[in-house]
Structures are given as structure tokens and as C-alpha cells.
Amino acid sequence: MDLGISNRQAIVCAASRGLGRGCAQALAAAGVNLVINARNREVLEETATAIRSDHGVDVIAVDSDITTDAGRDAVLAAAGVPDILVNNAGGPPPGHWSDWNRDDFVAALDANMLSAIDMMKRCLPEMIDRRWGRVVNITSMSVKAPIPVLGLSNAARAGLTGYVAGTARQVAGFGVNINNLLPGIHATDRAVALDSDLAAAKGISLEDAKAERCAMIPAGRYGTSDEFGATCAFLCSKHAGFMVGQNILVDGGAVVATL
Ligand code: NAP
């Protein structure tokens, strides 16, 4: 399928590894020129080189912390306002509801709610002027079905979801579509970290921890970044112009719900 976005420009935040990288690769495969971001310059440059070589698009790599004002300034200075914005950042640490203090919540809100809102606020006016734009926020299945050990994530992402629900409807009339993508468990470094935490907490092996988490997924496996990225690219495509403010699960059926 021709996604109709060749030669458009995208920012993909937190994209050197994992789901962000999957989104960047899928957009590049559709002919989109990229600004990609992450903190570790070496890994980011490797990813940029691989995407350029695989897809022949322009890729600018900006090593900065997207959860800081300076980090977002650097990305926008390199990119200008893009046609496509994919918001992403690392996920908060797991724990127990009684563990977290105010600073922990503020850090989670900065990373998984306020950074994405700031990027949208800075990109939407020009997208509206151009009468075309796509924003995809990577959130989590925890928006639909809370993951108890990820209380910081549950809380921050719920806030972003509420903001998007209203804002998406305010900008849709200008050809600007904002949607959220909700990953279930995908085979990334983040999944390995959470498997390791479970293994340590239960005194079981990493393999057993992974098997335990796999057993909760009707598809019987973890998702891949490529699958996730392809869904993101579709949401950024010309074909998704009538999708507004949706929360799309990519979770192998893990959230048990009829709707
Ligand atoms: P990952 O494999 O750990 O990759 C995270 C990526 O984000 C890396 O490129 C990392 O590079 C970058 N990053 C992290 N913090 C950053 C920051 N402050 N500024 C800029 N870049 C940053 O994680 P993932 O599995 O792709 O997860 C992506 C998001 O989806 C996370 O919020 C995660 O909680 C959420 N999620 C993941 C899953 C899953 O199963 N994988 C499920 C539900 C939700 P640097 O470290 O070099 O910055």
C-alpha cells in the first residue's frame, strides 16, 4: 500500500532502539525524511546510519533528553516543525503504590505526559496553518488496563490520554490528526528490564519470567518493533485522515475487553 507520505518530514522522539526505532524505520520505508532523537549519541548514530542505508531517506540524529526543555529545543531546532510527530520517551520504573514520592510523580509526568504535550503545543500551530499533520503518541496498554507495578506509568499516560482526547477534536478540522498507539508487551530492551524485575521479585529465571508474561498474551508471544512501527506508519499515512483521537491497542489481545 502506498502510504502517501513520501518526502514528508517526521520527528520521532526516543527512536534509537525499541518501539521508537520501529516507527522511524517504518516511516523511512514509506519515504519519510527523519529527525530521530535519543540520549546515547553512539547508538543513535548507528540507528541513523542503518536507516539511511536501508531506505535512502535523510536522517538527522539529535542526541538530547526529550524530557527536558533543552532536549526538545534541540530537536525542534534541527527539524523545524515537521509534518509528522511521533512522541515517545522511556517508561518509568516499576514499584509498589506506596513507593513513589512527589519527585517520582513529577519525573513520570515530565517524561510520559508533559513532554509530549509540549511537543504538540509547539508543532500544532504550523501543522494547522499547513492544513495537514499527523501526531502519534506512544503510550501503553496500561491506559486501558492498569498494570499495577507500573503505577507511575498508569498515572502519567492517563493524563496524556485525557489531553489528547480533547485536543484531537480541536485540531481535526484543520487536517491534523492526533492518535495514541498503546503497546502491549513488545520484545525490546524495556521488556527485558521488566522481565528481569519480575524474575528478581519472584526468585525465578528470566526465561520463566518471560514465559509467565507471555502466558497473559492470547497471541502467545511478544510483539515486534517492526509490527508496531507499521501500525504507526499507517496512522501517519494519508489513509488515516478520518481517525481522530483514537487509542489503538497493539497488544496481541492482552487487554480482555469487547470494545
Ligand atoms: P526501549 O527499548 O528501552 O527504548 C527506549 C528508547 O527511548 C531508546 O532509544 C532510548 O535511547 C530512548 N529514550 C529513553 N529515554 C529517553 C529520553 N529521556 N530522551 C530521549 N530518548 C530517550 O523502550 P521501548 O520498549 O521501545 O518503549 C518505548 C515506550 O513504550 C516506553 O515509554 C515504554 O514504557 C512504552 N511501552 C513499552 C512496552 C514494551 O513492552 N516494550 C509496553 C508498553 C509500553 P537512550 O536511552 O539512548 O535515550
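User: In this model, how far is an oxygen atom of the ligand from a polar backbone atom of arginine 17?
Analyst: The model is predicted, so the distance is computed from predicted coordinates. The pair joins a ligand oxygen to a polar backbone atom of arginine 17. A polar contact needs N or O atoms within 3.5 Å. This pair meets that limit, at 2.9 Å.

User: Which other residues have a polar backbone atom listed with a ligand oxygen, at 2.8 Å and at 3.4 Å?
Analyst: At 2.8 Å from a ligand oxygen sits a polar backbone atom of histidine 186. At 3.4 Å, the backbone partner belongs to aspartate 189. In that order, the names are histidine 186 and aspartate 189.

User: What share of the ligand's own accessible area does the protein cover?
Analyst: On its own, the ligand has 880 Å² of accessible area. The shell elements giving two or more residues are α1 (18-29), β2 (33-38) and α6. The covered share of the ligand area is 92%.

User: Which residues come nearest to the ligand?
Analyst: There are 29 residues around the ligand. By class, the shell has eight nonpolar, 15 polar and six charged residues. The nearest are Ser16, Leu19, Arg39, Ala89 and Thr188.

User: Is asparagine 137 buried or exposed?
Analyst: Asparagine 137 lies in strand β5 (residues 133-138). Beyond its sequence neighbours, it is in contact with residues including Ala116, Met120, Leu160 and Val164. Buried means under 20% relative accessible area. At 0%, asparagine 137 is therefore buried.

User: Which residue's side chain makes a polar contact of 2.9 Å with that of asparagine 137?
Analyst: Candidates come from the contacts of asparagine 137 outside four places in sequence, among them Asn87, Asn179 and Asn180. The side-chain polar contact of 2.9 Å is made with asparagine 87.

User: Which residue makes a side-chain polar contact of 3.4 Å with serine 142?
Analyst: Serine 142 sits in the loop between β5 and α5. It counts as buried, at 4% relative accessibility. Its contacts away in sequence are Ile147, Ser153, Asn154 and Arg157. The polar contact of 3.4 Å goes to asparagine 154.

User: Why do the buried residues of helix α8 line one face?
Analyst: The buried residues of α8 (residues 225-235) are Ser225, Phe228, Gly229, Cys232, Ala233 and Leu235. An α-helix has 3.6 residues a turn, so residues three or four places apart point the same way. The buried residues of α8 line one face because, seen down the axis, they fall within an arc of 155°.

User: Which elements do the buried residues of α8 pack against?
Analyst: The residues concerned include Phe228 and Cys232, both buried. One helix and several strands take part in the packing. The partners are α1, β4 (84-87), β5, β6 (176-183) and β7 (247-250).

User: Which helix do the buried residues of α7 pack against?
Analyst: In α7 (residues 206-214), Ala209, Arg213 and Cys214 are buried. They cover an arc of only 135° around the axis, which puts them on the same side of α7. Their packing partner is α6 (189-202).

User: How far apart in space are valine 35 and valine 75, C-alpha to C-alpha?
Analyst: Valine 35 belongs to strand β2 and is buried at 0% relative accessible area. It touches Val75, along with residues such as Ile11, Val12 and Ile60. The two valines are 40 residues apart in sequence. In space, their C-alpha distance is 7.5 Å.

User: What is the C-alpha distance between glycine 162 and glycine 245?
Analyst: Glycine 162 lies in helix α5 (residues 151-171). It is partly exposed, at 47% relative accessible area. Along the sequence, glycine 162 and glycine 245 are 83 residues apart. Between C-alpha atoms, the distance is 9.8 Å.

User: What is the approximate phi of asparagine 7?
Analyst: Asparagine 7 is found in the segment before β1 (9-12). At 62% relative accessibility, it counts as exposed. Its phi is positive although it is not a glycine, at about 75°.

User: Near what value is phi of alanine 14?
Analyst: Alanine 14 lies in the loop between β1 and α1. It is buried, with a relative accessible area of 19%. Its phi is positive in a residue other than glycine, near 50°.

Definitions and conventions: Residues numbered from 1 in each chain as written. Predicted model: local features only at pLDDT ≥ 70, side-chain atom pairs only at ≥ 80, totals over all residues. Heavy atoms only, no water. Helix = DSSP H or I, 4+ residues; strand = E, 2+ residues; numbered from the N terminus. Buried < 20%, exposed > 50% of the residue type's maximum accessible area, 1.4 Å probe, protein only. Arc of directions from axis to C-beta. Contact = heavy atoms within 4.5 Å. Near = heavy atom within 4 Å. Polar contact = N/O pair within 3.5 Å; in protein donor to acceptor, adjacent residues only side chain to side chain. Areas by Shrake-Rupley, 256 points an atom, 1.4 Å probe, with all protein chains shown as cover. Nonpolar A, V, L, I, M, F, W, Y, C, P; charged D, E, K, R; others polar.
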